[in-house]
Each structure stands twice: as C-alpha cells, then as structure tokens.
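Here are a few notes for a colleague who is coming to this structure without prior acquaintance. They take up strand pairing, one surface patch and two individual residues in turn.

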Amino acid sequence: LATTSPEANIGNYTVGSPYRHISAQWTAPVSSRLLLEASLLNLKRVVSRANPNPYFTTGAVPLIAVQEQSTGLRYRGTPTGRISANNLLYGRAVASYVTGAHSFKGGFVYGEIPNDDFTFTLDAPIEYRFRNGVPNRLTLHATPFRLVTNLDADHGLFVQDRWTRGRVTMSGGLRYTFGRIKFPEVVVGPSVWTPNRNIVTPETNGATWHDLSPR
C-alpha cells in the first residue's frame with residue numbers, strides 16, 4: 001500500500017553534474033625482494049532532487065504538503081529538497097620487502113571528504129498534519145540553509161614486520177591513525193518565516209582523533 005503520492009515525493013535523488021570518478025593503481029617490482037604499490041580514488045558528485053516539482057505546471061501556486069495521520073498518507077506537495085555535494089579523495093602507498101625468512105611492510109593512507117548540504121523549499125515551506133481530515137499540527141521550514149562538514153583528515157601510517165626461524169614465527173605491527181573534522185564558515189540568510197535572519201557561523205574545528213594501535 002503506497003503511503004506517499006507522487007507529488008509529495010518527487011522521485012529518488014538523482015546524480016547530477018559535476019560527476020567524476022577516478023581510480024588508479026600502480027605497482028613496481030623494483031627487485032625480487034622489494035615491491036612498491038600505490039592507489040588513488042577520487043569521487044566527486046552532486047546528488048539532488050528535481051526542482052521545481054515536475055508534477056506541477058510552471059507558475060502554479062505552491063501547495064502545502066499534508067500527512068493524514070490515520071493512514072500515513074502524504075500528499076499535495078514536497079516541502080523540502082536537498083542538494084548534497086561531496087568530493088572524496090583517498091590515496092594509499094605501500095612498500096613491501098620480502099626475503100625467505102623476513103617480511104616487512106610499511107605505508108600510509110591519505111583521506112579527505114568535504115561535504116556540502118543545501119536544504120531548500122521545493123513547494124510551500126509549511127506542512128500540515130491531519131487526522132481524519134482535521135488539522136492538528138503544522139510545521140514551518142526555515143529554508144534555505146546550508147550545512148558544510150569537512151572530514152579533512154582521515155590519515156594513517158603503518159608498519160609490520162615478520163620473522164621466521166625454523167618452526168617459530170614472530171610478527172608485530174604498529175598503526176597510527178589521525179582524523180579531523182572541520183566546519184567552514186556558513187552564512188544563513190533570510191527565509192519566508194525568518195525574514196530578518198542573518199546568522200554567520202564562523203569556521204570551527206570539530207573532533208580530532210589520534211590513535212596508536214600495536215599488534
């Protein structure tokens with residue numbers, strides 16, 4: 001049983017422009033004992049809903065979305081939409097040195113994911129909730145606004161060593177991980193329900209992680 005009419009949910013999010021997907025790998029057997037490896041992944045995309053609502057003709061009066069509480073049906077419009085843009089970048093480099101009894105590997109991982117979410121009004125920036133056709137709640141959306149979150153560090157360094165002597169094998173490793181989230185400056189301007197809004201959120205450092213993991 002469908003609980004959302006087409007105009008209240010204008011389809012799945014679609015991937016728009018710009019879109020970029022790059023992946024590369026490189027391997028170099030320097031000698032019979034030394035192997036170098038590297039890889040790169042870059043994924044840039046913008047994901048959004050259609051705007052304006054394709055179920056309404058151009059110039060139509062924006063309809064107020066309604067949810068009927070007795071059935072769960074949503075109809076008449078889509079109050080908000082979102083555009084989400086991110087640019088993922090990860091790289092990895094590893095060096096391996098292997099002899100008959102000794103194996104050593106070391107390398108690093110570099111990662112960052114900036115993300116920008118923009119929420120806007122698609123139809124009317126208001127929702128009604130009905131129960132058996134009688135209004136009992138309204139929701140006002142103070143759109144548009146942005147939320148920008150940058151995972152600007154998802155890095156790691158690692159080493160591992162392994163020795164074999166007869167029937168005895170000894171191995172160990174160490175990994176250092178560094179992660180950091182930042183929030184760039186964001187300006188939130190006026191909306192239909194907040195005409196005098198002018199909020200500036202300054203650049204802020206979020207969480208920072210340092211982790212050392214022996215093995």
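1. Two strands are said to pair if DSSP finds at least two bridges between them. In this predicted model, strand 2 (residues 34-48) and strand 5 (residues 80-98) run antiparallel and are joined by 15 bridges, and within that pairing Ser 39 has Arg 92 of strand 5 as its bridge partner.

2. Strand 5 also pairs with strand 6, again in the antiparallel sense, over 17 bridges, and these two strands form a hairpin with three residues between them. One of the bridges to follow by eye is that of Tyr 97, whose partner in strand 6 is Phe 104.

3. Tyr 97 and Phe 104 are also among the residues of a nonpolar surface patch of about 770 Å², which further includes Phe 108, Tyr 110, Leu 157, Val 159, Leu 174, Tyr 176 and Leu 212. Two or more residues of the patch come from each of strand 6 (102-121), strand 9 (145-165) and strand 10 (168-183), with strand 6 giving the largest share, three residues.

4. Is Val 159, a patch member that lies in strand 9, exposed or only partly exposed? Its relative accessibility is 39%, and therefore Val 159 counts as partly exposed.

5. Thr 119, by contrast, is a residue of strand 6 that counts as buried, because its relative accessibility is 9%, under the cut-off of 20%. Leaving aside residues up to four places away in sequence, Thr 119 touches Thr 80, Gly 81, Arg 82, Thr 143, Pro 144 and Phe 145.

Key. Residues are numbered from 1 along each chain as its sequence is written. This is a predicted model: local features need pLDDT of at least 70, side-chain atom pairs count only at pLDDT 80 or more; totals for chains, interfaces and linings use all residues. Side-chain values use heavy atoms; hydrogens and water are left out. Patches are made of residues with over 30% relative accessible area and no salt bridge: like charges are joined within 9 Å, nonpolar side chains (Val, Leu, Ile, Met, Phe, Trp, Tyr) within 5 Å. Accessible areas come from the Shrake-Rupley method with a 1.4 Å probe; for residues, only the protein chains shown count as cover. A salt bridge is a side-chain nitrogen of Lys or Arg within 4 Å of a carboxyl oxygen of Asp or Glu. Helices (H or I, at least four residues) and strands (E, at least two) are DSSP runs, numbered from the N terminus. Buried means under 20% relative accessible area, exposed over 50%, partly exposed in between (1.4 Å probe, protein chains only). Contact means heavy atoms within 4.5 Å.
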